[in-house]
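Trainee: Got a minute to walk me through this one? I'd like to get a feel for the fold before I do anything else with it.

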Amino acid sequence: MKPSSTVLAGLPPLTVHLPRPDISPWRAGNMGLPGVWRFMGAEAGPHLVVSAAVHGNEIAGALLLARWLRDGLRPRRGTLTLVFGNLAALERFDPADPTASRFVDEDLNRIWAPALLGGSRRSVELDRARALLPVMAQADVLLDLHSMLWPSDPLFLSGPGAAARALGQSLGTPPLVVADDGHAAGLRLIDHARFRDGGTALLLEAGSHWRPETLAQMEHSAARLLRQLGMATPDAPLPPDVVLPAGRLARVTQTVTASTSGFTFLRDFRGGEVVPRRNTLIALDGEAEVRTPHDDCLLVMPSPHAMRGHTAVRLARFEG
């Protein structure tokens, strides 16, 4: 189903509190690939890729990359690559209908399986993923910037890799790292083999779409990562660093995928909410009950309008 405001019928109007990104000065890139910019430091070091607008309606990350490019951010060491992901969808973003530009043909963050990328089927997003694949294959570290439609506390998604979990915890902002195995609907960019077998990838869910505080969270997380990797210059146009405790880790124990079109939560849940007791009824999927599998069950990004075949909520247990 193509994204549309009609999916959100009955909800209050959605307000965009951020300016629409103007990426026209940066669209050409400097790598012969639209929307991709690469800068080399004076010293050897890691290759960090920061990707934004993998979903075209998630504009905060595009605003951050545009700011960095405008301000002339350069790495002290290593390689920094900035990627505007789904250019075609981003350029369709309309503040009057802000949910409609998530993608053009299909979700760019569900098509990173080798069989899809190596197949013959074509779409706007598959063509873009294939073009970006060589860039991602060179990354030592990936930070994929995202935001959320439904109310939720910010978090990192680390996938199954131990290195990604450790990196997310060491950054400390946001203070929660969730290790998960992805979605039944398809592989995300952080699930690609490059980041399972060698590189390290974090997906940042920085907060609600179109909010200034979400953009600020992205900037603080990305700045911490640059400093952690030793890539930030002393005069880098970044927010001041602060001492933070290590983030808390939670591991997904159950991914709940809607099997009917009638998936309904029993009440409004916020992402990051903890349900104290196991076996608590939280949702109905048609006639099937969805209950918490353990005490102190963390609800990860519940989606009250989950479509059939899509993730409705992930249930997680804190570790340590």
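Mentor: Sure, we'll go through the sheets, then the helices, then a few single residues. Keep in mind that this is a predicted model.

Trainee: Okay, sheets. What's the strand order in the one with 11 strands?

Mentor: The order is 1-3-2-4-7-5-6-8-14-13-10, in an open sheet with mixed pairing. Strand 1 and strand 10 (274-275) are the edges, each pairing on one side only.

Trainee: How does strand 1 pair with strand 3, and over how many bridges?

Mentor: Antiparallel, over 5 bridges, with strand 3 covering residues 77-84. For a handle on the register, look at Arg38, which stands opposite Thr81 in strand 3.

Trainee: And further in, around strand 7? Are strand 4 and strand 7 parallel or antiparallel?

Mentor: Parallel, with 7 bridges joining strand 4 to strand 7. On the strand 5 side, 3 bridges join strand 5 to strand 7, and those two run antiparallel.

Trainee: Which residue in strand 7 does His146 stand opposite?

Mentor: Glu205. Leu155 also has Glu205 as its bridge partner in strand 7.

Trainee: What holds strands like that together, generally?

Mentor: Backbone hydrogen bonds, whether the strands pair parallel or antiparallel.

Trainee: How many residues of strand 7 are buried?

Mentor: 8 of the 9, so strand 7 is largely enclosed by the rest of the structure.

Trainee: Now the other sheet, the one with 3 strands. What's its order?

Mentor: It goes 9-11-12, an open sheet with antiparallel pairing. Strand 9 (263-265) and strand 12 (288-291) are the edge strands, each pairing on one side only. From one strand to the next, the twist averages 25°.

Trainee: How many bridges between strand 11 and strand 12?

Mentor: There are 4, in the antiparallel sense, with strand 11 spanning residues 281-285. One of the residues to look at is Asp285, whose bridge partner in strand 12 is Ala288.

Trainee: Switching to helices. Which strands does helix 1 lie across?

Mentor: Helix 1 (residues 60-71) lies across strand 1, strand 2 (43-52), strand 3 and strand 4 (141-148), and it runs at about 130° to strand 3. Helix 5 packs on the sheet too, touching strand 4, strand 5 (155-157), strand 6 (176-179), strand 7 (200-208) and strand 8 (248-257). The direction of helix 5 makes about 45° with that of strand 7.

Trainee: What about helix 5 and helix 7, at what angle do they pack?

Mentor: About 110°, with the axes 10 Å apart; helix 5 is residues 162-171 and helix 7 is 212-228. That makes helix 5 roughly perpendicular to helix 7.

Trainee: Which residues meet there?

Mentor: From helix 5 you have Leu167, Ser170 and Leu171, and they meet Ser221, Arg224, Leu225 and Gln228 in helix 7. By type, the residues of that contact divide into 3 nonpolar, 3 polar and 1 charged.

Trainee: Different topic: aromatics. How many pairs are there?

Mentor: The structure holds 4 aromatic pairs. Take Trp26 and Trp37: the ring centres are 6.0 Å apart and the planes are at 75°, so the pair is edge-to-face. Trp26 sits in the segment before strand 1 (36-40) and Trp37 is in strand 1, 11 residues apart.

Trainee: Are those two buried or exposed?

Mentor: Both Trp26 and Trp37 are buried. Trp37 also forms a stacked pair with Phe39, at 6.2 Å centre to centre and 20° between the planes. Phe39 has 10% relative accessibility, so it counts as buried. Together, Trp26, Trp37 and Phe39 form one aromatic cluster.

Trainee: Last bit, single residues. Where is His183?

Mentor: His183 is in the loop between strand 6 and helix 6 (193-197). At 16% relative accessibility, His183 counts as buried, the cut-off being under 20%. Leaving aside neighbours within four places in sequence, His183 is in contact with Arg110, Arg188, Thr311 and Arg314.

Trainee: And Leu143, buried or exposed?

Mentor: Buried, with a relative accessible area of 1%. Leu143 is in strand 4. Apart from neighbours within four places in sequence, its contacts include Leu48, Val50, Phe156, Leu204, Ala222 and Leu225.

Trainee: How far is Leu143 from Val274 in space?

Mentor: 27 Å, C-alpha to C-alpha, and they are 131 residues apart in sequence.

Note on methods. Residues numbered from 1 in each chain as written. Predicted model: local features only at pLDDT ≥ 70, side-chain atom pairs only at ≥ 80, totals over all residues. Heavy atoms only, no water. Pairing = 2+ DSSP bridges. Axes fitted to C-alpha atoms, helices over the stretch in contact; angles between N-to-C directions. Parallel < 35°, antiparallel > 145°, perpendicular 65-115°, else oblique. Contact = heavy atoms within 4.5 Å. Nonpolar A, V, L, I, M, F, W, Y, C, P; charged D, E, K, R; others polar. Phe/Tyr/Trp six-rings, centres within 6.5 Å; stacked < 30°, edge-to-face > 60°. Buried < 20%, exposed > 50% of the residue type's maximum accessible area, 1.4 Å probe, protein only.
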